[in-house]
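Let's take a walk through this model together, one neighbourhood at a time. Keep the sequence and the 3D view side by side as you read.

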Amino acid sequence: MTGTRTPRHPARTTPDGVASPPRAAAPAVVLLEDVHRRYSNGRVSVQALEGVSLTVRAGEFVALVGPSGCGKSTLLNLISAVDRPDAGRVVVCGTDLAAAREADLTRLRRRSIGVVFQAFHLMPNLTASENVALPLALDGRRDDARVARLLDRVGLGARGDHYPSELSGGEQQRVAIARALANGPHLVVADEPTGNLDSHTGVEILDLLGELHRAEGTALVVATHDDRVAARADTVCALRDGRLAGTPAG
Ligand SMILES: Nc1ncnc2c1ncn2[C@@H]1O[C@H](COP(=O)(O)OP(=O)(O)OP(=O)(O)O)[C@@H](O)[C@H]1O
Ligand SMILES: [Mg+2]
C-alpha cells in the first residue's frame, strides 16, 4: 500500500499525511475482498463486518482503528485464520480460508502468523522461556538458542525462568511478543496490545513491536484505540459499523 488515498481503499491514510514507503510491489500477505461476517445464534444477530476489502503487504504496518464494537477484533480473527467469513474472500499468506481444510489452517496459524492479545494470554504454568518455545513445540520443533535470542531481543534475557505471575504486565507482553515471533511468521496480529498497560509501558511495547516488525520484515496489523499506534503505522484503516470508513453503504 502506498499510503495515498485510493478509490478502492478510501479509508487508508498515512498518519499526519506523511507518505509511507512505497510497497505496491511487495506481495500481499493478507487479502480481503468484500468480506461479510454476521454473528447469529438464534438469540442475537449482529452484522459485524459488511463488505470489507483490504490488502496488507509484506512488511507493512497497518493500524486498525474505530469505536468499540465496530468490528476490529472480528476482522483480526479472520486475518489470524481462527474464523471464516460468511461471504467474500480472505487469503492469508497465500491460503484461501474458504477452501482450506482445518489441518491447513492449523499449519498456517502455527507457522505463518503470530498473535498478541490485550490480556497477554501466557500459559501460567510455563516459564517465560517455555511460553516462547510453545509455538515451536506445537510444531514438533525445539530451538533453545532461538528462544534465548528472542527473550534477549525483548529485553528479558534474565527472566527466562520466571513464571508469568513473577513478571510485570509490560514484561508479560514482551514475552507474548517473543512468543508471537517464535516461528518466524510473515504476519503478526495484535489486538489492543497496550490496552492493559500504563501509558509509559504502552509506548515501550509499541516501540518494541515496531522495531521487531521492521527487523524481522513481518507485516503487522494492530487493532487499537491508542492514537500512538496510528502515529507509528504505515497505513491507518478506520472501521465504523463493520465498514471501512469511506466505503459507501450498500
Ligand atoms: N460472538 C459474538 N456473538 C454475537 N455478537 C458478537 C460476537 N462477537 C462480537 N459481536 C458483536 O459484533 C460487533 C463487533 O465486535 P468486535 O468485537 O469485532 O468489535 P471491536 O471493534 O473489536 O470492539 P472493541 O474495541 O470493544 O474491542 C459488536 O457489535 C459485538 O457486539
Ligand atoms: Mg476488540
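A good place to begin is a sheet of four strands, an open one with the strand order 2-1-4-5 and antiparallel pairing. Bear in mind as you look that this is a predicted model. Strand 2 (45-57) and strand 5 (95-96) are the edge strands; each has a single partner strand, so one side of each has no neighbour in the sheet. As a reminder, strands of a sheet pair through backbone hydrogen bonds, either parallel or antiparallel.

Now follow the sheet from strand 1 towards strand 5. Strand 1 (residues 28-40) and strand 4 run antiparallel and are joined by five bridges. One residue pair to find here is L31 and its bridge partner in strand 4, V91. Moving on, strand 4 (residues 87-92) is linked to strand 5 by two bridges, again in an antiparallel arrangement. V91 turns up here too, with D96 of strand 5 as its bridge partner. Strands 4 and 5 make a hairpin with two residues between them, and C93 in the turn has a positive phi of about 50°.

Let's step back for a moment to see the whole chain. The protein chain holds seven helices and 10 strands, and 43% of its 250 residues count as buried. Among contacts between residues at least 6 apart in sequence, 73% join residues at least 24 apart.

What lies in the interior? The largest nonpolar core has 65 residues, and those with the most contacts inside it are A63, L64, V132, I177, A178, V189 and V221. Helix 5 (residues 169-181) gives the most to this core, contributing six residues. In soluble globular proteins, nonpolar side chains tend to be buried together. V189 makes a nice example to click on: leaving aside residues up to four places away in sequence, V189 touches L76, I79, S80, I113, V115 and V221.

V132, named among those core residues, leads us to helix 3. The buried residues in helix 3 are A128, S129, N131, V132, A133 and P135. Their cover includes helix 2 (102-112), helix 4 and helix 5. Just past the end of helix 3, look for G140, which has a positive phi of about 75°.

How do helix 3 and helix 4 pack against each other? Two packed helices are described by the angle between their axes and the distance between the axes. For helix 3 (residues 128-138) and helix 4 (residues 144-153), the angle is about 115° and the axes are 9 Å apart. The crossing of helix 3 past helix 4 is right-handed. Helix 3 makes this contact through A128, S129, V132 and A133, and helix 4 through V147, L150 and L151. By character, the residues of the contact are six nonpolar, one polar and no charged.

Before leaving helix 4, have a look at R146, which lies in this helix. Is R146 buried or exposed? Neither label quite fits: R146 has 18 C-beta neighbours inside 10 Å and therefore counts as partly exposed. R146 also gives us a link across the sequence, since its C-alpha atom is separated by 9.5 Å from that of N183, 37 residues apart along the chain.

Key:
Residues are numbered from 1 along each chain as its sequence is written. Chains are lettered from A and ligands numbered from 1 in the order in which they are written. This is a predicted model: local features need pLDDT of at least 70, side-chain atom pairs count only at pLDDT 80 or more; totals for chains, interfaces and linings use all residues. Axes are lines fitted to C-alpha atoms, for helices over the stretch in contact, and angles run from 0 to 180 degrees between N-to-C directions. A crossing is left-handed if the near helix is turned anticlockwise from the far one by less than a right angle, and right-handed if clockwise. Two residues are in contact if their C-beta atoms, placed from the backbone, lie within 7 Å. Ala, Val, Leu, Ile, Met, Phe, Trp, Tyr, Cys and Pro count as nonpolar, Asp, Glu, Lys and Arg as charged, and the others, Gly among them, as polar. Two strands pair if DSSP finds at least two bridges between them. A residue is buried if 20 or more other C-beta atoms lie within 10 Å of its own, exposed if 12 or fewer, and partly exposed in between; C-beta atoms are placed from the backbone. A nonpolar core is a set of buried Ala, Val, Leu, Ile, Met, Phe, Trp, Tyr and Cys residues joined through C-beta atoms within 7 Å.
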